[in-house]
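Biologist: I have a chain open here and would like to go through it with you, piece by piece. Could you start with the term we will need for the helix ends?

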Amino acid sequence: MPDPRTPVLTPPCCPAPEHTRTAGAPVVALVGNPNVGKSTLFNALTGARQHVGNWPGKTVQVARGTWRPASGTPVDLVDLPGTYSLVPRSPDEELTRDLLVAPGAEGRPDLVVVTADAANLARNLYLLAEILETGARCVVALTMTDVARARGIAVDGTALARELGVPVIPVVPRRRQGLDALAQAVRKELTHAVREEPAHAVREEGNARRPARPFHLAVPQGDDPELAAAEARYAWVHEVLSVVRTQRAGAGLTLSDRVDRVLTSRWFGVPAFLAAMWGVFTATTTLAKPLQDGLGAFVDGPVTDTAASALSGAPGWLRGLLVDGLIGGVGQLLTFVPLMVIMFVLLALLEDSGYMARAAFVVDRLMRRLGLPGRAFLPIIVGFGCNVPALAGLRILGNRRQRLLVGMIIPYVSCSARLTVYVLFAAVFFGSTAGTVVFAMYLLSVLLVVGIGMLLRKTLFRELRGEALVLELPPYRLPTLRVVGTQTWQKLAGFLRTAAGVIVATVTAVWLLSAIPLGAASGTSFGEAPIEHSVFGAMSRAAAPAFAPAGFDDWHAAAALGTGFVAKEAVVATVAQTYSADEPDNPDHAGELGTRLHETFEQSSGGHPLPAVLAFLVFLLAYTPCMATIATQWQEMGGRMTLLSTGIQLAVAWLLAVAVFQIGSLWW
């Protein structure tokens with residue numbers, strides 16, 4: 001199961017460039033229970049020198065990066081999926097088991113760094129016992145020591161190293177403490193050969209008596225060998241704890257415990273979560289607006305004027321492609337960068353503080369009551385960043401039917417690409433209440449996930465039963481600037497990396513189709529015809545009548561939804577391109593684009609523009625997210641289920657949009 005403290009929006013929408021391994025560099029794997037600071041340690045050790053992608057030969061995504069210690073050779077670091085034991089329950093955990101246990105496994109690490117939570121040492125030692133039994137060279141990174149102290153728990157690292165027979169290094173990754181000592185221990189262990197000595201053999205190193213590998217426990221004979229082995233491990237864990245751990249008498253509830261009594265309670269948990277999300281979206285739209293207006297004025301003014309002047313002698317079609325097409329479309333997207341940064345910062349603050357794990361716990365309880373798998377909440381949360389890595393995250397579910405069910409509802413999770421469209425239309429039509437409208441779209445997204453999930457459970461997946469979510473809650477912490485900054489940059493870079501290519505390709509295709517004259521403009525030169533009298537305009541007009549019952553029977557809206565089928569990042573660029581309109585210089589005025597949008601929806605809706613706009617946004621939320629999502633569904637679920645899922649999405653989107661307009665037009 002992925003570590004809930006891992007930034008849930010971090011995985012990029014498309015795979016990053018393949019990690020280039022340093023020639024001759026040893027492979028070191030980070031292994032540990034979920035939520036012990038493993039991924040935080042990985043980020044601290046690798047910085048920006050990392051990528052997320054499938055493990056060779058497996059459909060399991062892992063993070064890989066280059067660790068360059070202050071002294072010594074670089075290390076190829078792998079952050080393996082979190083697991084509570086080497087008995088796998090999912091494809092992710094199976095990969096971890098195979099690399100450590102399976103004979104001749106491809107990519108077996110040269111050394112394992114086991115992250116262990118000092119505040120919850122017992123459950124961490126069980127996994128460590130299993131890893132030691134494999135004969136792997138190990139170093140233990142002892143995390144959460146500050147949390148243990150706050151709870152009155154003291155762990156003797158020296159005694160623990162003596163009992164385990166491997167180095168134990170206390171680390172605080174968030175503050176980069178202990179990383180040099182960890183590097184020295186890893187480098188020293190990599191020089192030791194794994195010796196096949198008898199289980200009772202002991203070797204001397206300095207002042208510490210260390211048991212030789214392989215590590216063995218005395219397992220009593222019994223009818224169930226696996227159960228007997230587990231009992232032997234637990235007995236060993238309690239024996240080690242009695243030597244290395246002490247707890248202060250009278251240590252009571254921590255501050256985290258007292259806060260959790262409110263934020264994870266039956267009555268206040270869900271309202272607190274909704275209030276937090278409403279605050280994020282309201283603050284995002286409010287703080288970003290002046291920055292968006294300033295950046296939009298800069299792109300539409302100096303940038304466009306300079307480009308037009310530089311291309312004054314170029315052919316008309318080239319000026320149109322570069323100035324009206326690429327600069328206009330890409331510039332429109334760039335105006336949303338401040339908004340994305342603010343939202344990602346706010347979400348990173350919630351994640352780094354420890355609250356997002358509580359949100360998973362609170363919402364999971366509701367989901368299980370509705371019959372959805374508990375562990376499915378984690379990929380669903382990732383889906384709010386991007387549906388593609390969310391679908392890849394289905395591998396944490398051990399049951400294939402569960403993966404199919406959740407894979408069919410993830411596209412209803414509102415990804416970050418849709419946010420730019422919400423904000424544009426909400427700001428133009430709803431003014432000061434734009435943040436509430438955006439929040440309502442995300443709330444509707446959650447309701448769709450639950451509602452469609454229940455419908456599928458009662459029809460296609462009647463045999464499934466929900467299962468509990470096993471989740472460790474991290475302590476509350478003050479977010480650190482470095483962690484928040486790193487998470488924000490990773491999310492923004494992933495969004496822009498995808499958006500840049502999609503926008504350029506889509507804008508170019510739209511411009512080319514709009515440059516081909518048709519109908520009344522058939523005698524016009526290439527690139528000179530009005531866009532409504534082009535091939536693109538004709539295609540959009542042909543599709544527009546399908547949206548008449550929803551109140552936006554207009555070719556501009558149909559064109560935007562058409563390119564949105566490729567990628568939602570392209571919707572805003574297409575809107576600006578089809579209107580050939582600039583953004584406003586004055587933040588208090590809707591500007592030309594806003595005026596044209598008002599005119600369009602006023603006319604297409606028969607005088608009911610607000611319900612028509614809401615219907616448009618609802619359709620945008622519910623229909624197919626993008627071609628990359630469809631491709632990932634095809635890979636994870638197969639062609640038949642993907643086509644069925646896409647058909648259901650289009651039907652649900654159209655029916656909801658029609659219902660919103662028909663009901664809303666009775667009042668507005």
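Modeller: A polar contact here is a pair of N or O atoms within 3.5 Å, where, within protein, one must be able to donate a hydrogen and the other to accept it. Please keep in mind that this is a predicted model.

Biologist: Good, so what caps the N-terminal end of H5?

Modeller: That is Asp156, which places a side-chain oxygen 3.1 Å from the backbone nitrogen of Thr158. At the other side, just after H5, Gly165 adopts a positive phi of about 80°.

Biologist: And which residues of helix H5 are buried?

Modeller: Within H5, which covers residues 157-164, the buried ones are Gly157, Ala159, Leu160, Ala161 and Leu164. Leu164 also belongs to a nonpolar core of 41 residues, a second and separate one, which includes Val27, Val31 and Val244 as well.

Biologist: If that one is second, how many residues are in the largest nonpolar core, and which touch the most other members?

Modeller: The largest core has 90 residues, and those touching the most other members are Phe425, Phe552, Leu597, Phe601, Phe616 and Leu617. Helix H23, residues 609-622, gives the most to this core, with eleven residues.

Biologist: What does Phe601 touch?

Modeller: Not counting residues up to four places away in sequence, Phe601 touches Phe425, Phe429, Phe552, Pro609, Ala612, Val613 and Phe616.

Biologist: Switching to helix packing, at what angle do H20 and H21 pack?

Modeller: Helix H20 (residues 555-566) and helix H21 (residues 569-579) pack at about 145°, their axes being 8 Å apart, and the crossing is right-handed. On the H20 side the contact is made by Trp555, His556, Ala559, Ala560, Thr563 and Gly564, while H21 brings Ala570, Val571, Thr574, Val575, Thr578 and Tyr579.

Biologist: How many of those are nonpolar, polar or charged?

Modeller: By class, the contact of H20 with H21 has seven nonpolar residues, five polar ones and no charged ones.

Biologist: One more spot: is Asp117 buried or exposed?

Modeller: Asp117, which lies in strand E5 (residues 111-117), is buried, because its relative accessible area is 4% and the cut-off for buried is under 20%. Its side chain makes a polar contact of 2.9 Å with that of Asn120. Leaving aside neighbours within four places in sequence, Asp117 is in contact with Val36, Arg123, Asn124, Thr143 and Met144.

Biologist: And what does the secondary structure of the chain come to?

Modeller: The chain has 25 helices and eleven strands, and of its 668 residues 57% count as buried.

Technical notes. Residues are numbered from 1 along each chain as its sequence is written. This is a predicted model: local features need pLDDT of at least 70, side-chain atom pairs count only at pLDDT 80 or more; totals for chains, interfaces and linings use all residues. Side-chain values use heavy atoms; hydrogens and water are left out. Helices (H or I, at least four residues) and strands (E, at least two) are DSSP runs, numbered from the N terminus. Buried means under 20% relative accessible area, exposed over 50%, partly exposed in between (1.4 Å probe, protein chains only). Contact means heavy atoms within 4.5 Å. Axes are lines fitted to C-alpha atoms, for helices over the stretch in contact, and angles run from 0 to 180 degrees between N-to-C directions. A crossing is left-handed if the near helix is turned anticlockwise from the far one by less than a right angle, and right-handed if clockwise. Ala, Val, Leu, Ile, Met, Phe, Trp, Tyr, Cys and Pro count as nonpolar, Asp, Glu, Lys and Arg as charged, and the others, Gly among them, as polar. A nonpolar core is a set of buried Ala, Val, Leu, Ile, Met, Phe, Trp, Tyr and Cys residues joined through side-chain atoms within 4.5 Å.
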